Amino acid sequence: MSQQRKALWEADLDEDLQDVDLNLAIGTYGQNGLYEDAQSRIDEATLLAVQQQMAQQAAFAQIPDVVKRFIAHFHQAVLDNNLAEITVAYESGWNRLTEKFYSKTEWPEAEVIAPLVNDDQIFLVLYRELYYRHVYSRLSPDIDDRFHSYENSCELFNYLLNSDGPVPLELPEQWLWDIIDEFIYQFQSFCVWRSKVKSKTEEELSLLADANQVWSSYSVLNVLYSLIQKSKINEHLVALQEGKSAEEIAEIVGEYGTRPLYKLLGYFSIIGLLRVHSLLGDFTLALKVMENVELNQKSPFTRVTACHVTTYYYVGFCYIMLRRYPDAIRAFVSILNFILRMRQYHTRSYQYDQINKTADRMYALFAICNALSPTRVDDNISNIVKERYGEQFSKMSRGEEGIPAFEELFLYACPKFISANPPPYDDADLLAAYVEDHPVEPAQRHLSLFLSEVRAQAPVPTLRSFLKLYTSLDAKKLAGFLDADEEEMVQQLMVMKQSSRSVSRVDEKGLLDGQMISTSDLDFVINDNMVHIAESTVGRRYAGWFIRNTEHAQRVLDTLRASPLPALQKPTGPSAEGGKDAAPVAPAAPAGGKKVAWGSTKAA
């Protein structure tokens, strides 16, 4: 019987614990006293996985219920491709919950919220895009955040570009622009951080030595050019300019180009290339990639205000670095007037502060352009520039002593330039030499190039102030005013003549196209020893004055219409004693009275 019971017990044990490793569960405790060997048999990876799972469960329990409901709702909206719900969740819900719960902390990691979205990998990639954007904007990203954000961006773009066909995903255009914009910003931030060798720890130096391709310029440019090629957005824009029908355009761009997701990502990638090439210092190529994009109020980039402002900022800055100041002024005036008109709507945008900061930088760049190429522009813009940068502007008009003001405004308003080549982290000797003899910072290099042009034009403001006082002037007398000999005076006149000529867009074609025009209202010729000056005065433009005053009158009228009516005064006198039914009696007009303009009468 004992043998039968033993066999039955062993059978039950095998049936109940058939999936359990008995050696792992029981171990060899008490066997030969080898306790340490038994402990080493425990799978460390399994232990770490269990600990990680327990930590995720604890983190999941700490997520507020309203955040859980939001993530579940957000996920469902993405699954349904419900653009209206996605837009509300993205532009309102996410930012509102960020301010309430995560203004100074990170959002829950994607692995923690995975159970809420059924481990949907595509949504988790989109969630990480928002997660890392929050880390970059509100917190201080560490090296792990920088590496992981790059990996997530690669995963997202690989999904979009390497799928068998167009992916079944629809996102609002604001989010699509933010994906491209944030991708470039994180690249720029990493390059700036990577260039600061002295502040790196040993661990960071080791990681950077093994990851030369992380956030490389080649990978970023490859993504942007691939999106443009996949969407065939340039062919689309050319077909639109040629007036082709929708059916013809659909045939040209193919299945990818007809999808709003790819079309908008391709279009925003063109703006992204404008920005990246500007950051790398290739201003001609930056404008070249924009050759099929029209700068007008009907272009697609105007539908996203942040994209609109970014486009004009970088186009204007490229024109400054190419010495095309009239085109830069035209670009800045256009976008700054737009921001002034739409100011009341910007306050509703979560990007309100960023738009205002970019606008302030463009006012500084406008001041630089107007100092180098004086021209009559809109009074609203000029007044704001004088209010914010009046002191620097007056200094920049004084020639050589205004160079510090140029430097101050340029460094404040220019983009954060980056270097395409990283420091040699993989070679200790080269890295030591790099630290010892650090190359010039990209911003300082571009500043020196810009100031060389400013110094060449330094005599122009003083010379211009003298020429405006005369219609003809003896050369010797002018040289005496300038404290220079005649040869040096002629050189300064030639510099002024050259600075008053510039290539400018005339027929509104490509951004690089243009023809030489005169940018100054002051011209002169030298005949023998006499300088003959001709000044052309531009008449005042009354259209802007009438428009501003008409808008002001409209605002006053709207205010009057919206204000409450004055309270009725109780009647006094005999009519008041007649009870409720007594009607007020209007005073009779004098006989033979004469009507006046506002409807009353005037005694004869």
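Which helix gives the most to the lining of the largest cavity? Keep that in mind as we take a walk through this predicted model.

## The hidden space

Let's start inside. The structure holds 1 cavity of 30 Å³ or more, and the space in the largest cavity comes to about 100 Å³. Three elements each give two or more residues to its lining: helix H8 (121-138), helix H9 (143-161) and helix H10 (173-194). The answer to the opening question is H9, which gives the most, with 5 residues.

Who sits around this space? The lining includes Arg128, Glu129 and Tyr132, along with Ser149, Asn152, Leu156 and Phe157. Ile179, Glu182, Phe183 and Gln186 are also among the lining residues. Sort the whole lining by type and you get 5 nonpolar, 4 polar and 3 charged residues.

## Charged partners around helix H8

Glu129 deserves a second look, as it lines the largest cavity and also forms a salt bridge with Arg133, with the closest N and O atoms 2.8 Å apart. These two residues are 4 apart in helix H8, so about one helical turn separates them. Are they buried or exposed? Both Arg133 and Glu129 are buried. The story doesn't end with a pair, though: Glu129, Arg133 and Asp178 are linked in a network of salt bridges.

Helix H8 also holds Arg138, whose side chain meets that of Glu99 in a salt bridge (2.4 Å, N to O). Glu99 lies in helix H6 (residues 83-101), so this pair ties together parts that are 39 residues apart in sequence. Arg138 is partly exposed, at 37% relative accessible area, and Glu99 counts as partly exposed too, at 49%.

## A bridge further along the chain

A search of the whole structure finds 14 salt bridges, so there are others to look for. In one of them, the side chains of Arg388 and Asp360 meet at 2.8 Å, N to O. This pair links distant parts of the chain, with Arg388 in helix H21 (residues 379-396) and Asp360 in helix H20 (residues 352-372), 28 residues apart.

The two partners have contrasting surroundings. Arg388 is partly exposed, with a relative accessible area of 42%, while Asp360 has 17% and counts as buried, because buried means under 20%.

## Two unusual backbone angles

Now for the backbone. Most residues other than glycine have a negative phi. Asp119 goes the other way, with a positive phi near 55 degrees. You'll find Asp119 in the loop between helix H7 (110-113) and H8, where its relative accessibility of 44% makes it partly exposed.

Lys232 isn't a glycine either, yet it has a positive phi of about 55 degrees. Lys232 is in the loop between helix H12 (217-231) and helix H13 (233-241). At 33% relative accessibility, Lys232 counts as partly exposed.

## A nonpolar patch outside

Finally, let's head to the surface. Which residues form a nonpolar patch there? They are Val490, Met494 and Ile526, and together they have about 240 Å² of accessible area. Ile526 belongs to strand E4 (residues 522-527). With a relative accessible area of 40%, Ile526 is partly exposed.

Technical notes:
Residues numbered from 1 in each chain as written. Predicted model: local features only at pLDDT ≥ 70, side-chain atom pairs only at ≥ 80, totals over all residues. Heavy atoms only, no water. Patch = residues over 30% accessible without salt bridge, like charges linked within 9 Å, V, L, I, M, F, W, Y side chains within 5 Å. Areas by Shrake-Rupley, 256 points an atom, 1.4 Å probe, with all protein chains shown as cover. Salt bridge = Lys/Arg side-chain N within 4 Å of Asp/Glu carboxyl O. Buried < 20%, exposed > 50% of the residue type's maximum accessible area, 1.4 Å probe, protein only. 1 Å grid on protein atoms, 1.4 Å probe; cavity = no way out; pocket = protein on both sides within 12 Å on 5 of 7 lines; lining within 4 Å. Points joined across faces, edges and corners; volume = space filled by probe spheres on them. Nonpolar A, V, L, I, M, F, W, Y, C, P; charged D, E, K, R; others polar.
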